[in-house]
Amino acid sequence: MEFYSIPGSRLGLRGIPPLLASLMRQIPRLFEQDCSVAEERLFPSPTDDPREQALREDWKAHVEPELHTFFLSARQVVEADLRGFQESDGNYTLEFPTAHAESWLNALNQARLCLAAQHHLEEAELSQMDPITIVSERDLARLQIHFYAALQQWLVEVLDTV
């Protein structure tokens, strides 16, 4: 798989194997599954101080809805971009506007949090760089999280040069 950019306009990946293309297609849908634990990470309370109940209520009423909208918007951008997958010789190519990179970073982060929460993957386990033997859905989720992290790393590197 090759990452590339068309300066000032588009980012792309070519030679994407079918398995990785399938994992990419899951990005916007992962948060639609049960991610209540991930929601706690994405929408943390501004304080645990029992005297600050009013602050927590204001946060829930005024900030959280905006965050939900922001996160949904990022997933929708990625979902629209994913419709541009092109197949050739059994592999895939995907290009999207450079302006969508921030939405991709956001959606990938949401997906990683959801997968980790759904499969009870802890930071210590995720930071292991041993080869992954896939014998369970949990192992596949770990691979998926690492793949999404690689996509994020590429996007950050590209954005640093723009």
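This passage describes the surroundings of Ala107, the nonpolar cores and the helix α3 in a predicted model.

Ala107 lies in helix α4, which spans residues 101-118, and is counted as buried because its relative accessible area is 1%, where the cut-off for burial is under 20%. When neighbours within four places in sequence are left aside, Ala107 is in contact with Ile27, Ala74, Arg75 and Val78. Asp49, by contrast, stands 31 Å from Ala107, C-alpha to C-alpha, with their positions 58 residues apart in sequence.

Ile27, itself a contact of Ala107, also touches Val78, Trp104, Leu108, Ala111 and Tyr148, again with neighbours within four places in sequence left aside. In the largest nonpolar core, which comprises 33 residues, Ile27 is one of those that touch the most other members, together with Ile16, Met24, Trp104, Tyr148 and Leu155. At least two residues of this core are supplied by each of β2 (10-16), α1 (18-25), α3 (53-82), β4 (91-97), α4 and α6 (137-161). Another core, of eight residues, lies apart from it and includes Phe31, Phe71, Leu113 and Ala117.

Helix α3 has 30 residues and reaches 42 Å from its first C-alpha to its last, a span close to the 44 Å expected at 1.5 Å a residue, although a kink of about 40° is centred on Lys60. The buried residues of α3 include Ala74, Arg75 and Val78, which are also in contact with Ala107, and Phe71, a member of the eight-residue core. Arg56, Glu64, Asp81 and Leu82 of α3 are likewise buried.

Methods: Residues are numbered from 1 along each chain as its sequence is written. This is a predicted model: local features need pLDDT of at least 70, side-chain atom pairs count only at pLDDT 80 or more; totals for chains, interfaces and linings use all residues. Side-chain values use heavy atoms; hydrogens and water are left out. Helices (H or I, at least four residues) and strands (E, at least two) are DSSP runs, numbered from the N terminus. Buried means under 20% relative accessible area, exposed over 50%, partly exposed in between (1.4 Å probe, protein chains only). Contact means heavy atoms within 4.5 Å. A nonpolar core is a set of buried Ala, Val, Leu, Ile, Met, Phe, Trp, Tyr and Cys residues joined through side-chain atoms within 4.5 Å. The expected span of a helix is 1.5 Å times one less than its number of residues. The bend at a residue is the angle between axes fitted to the seven residues ending there and the seven starting there.
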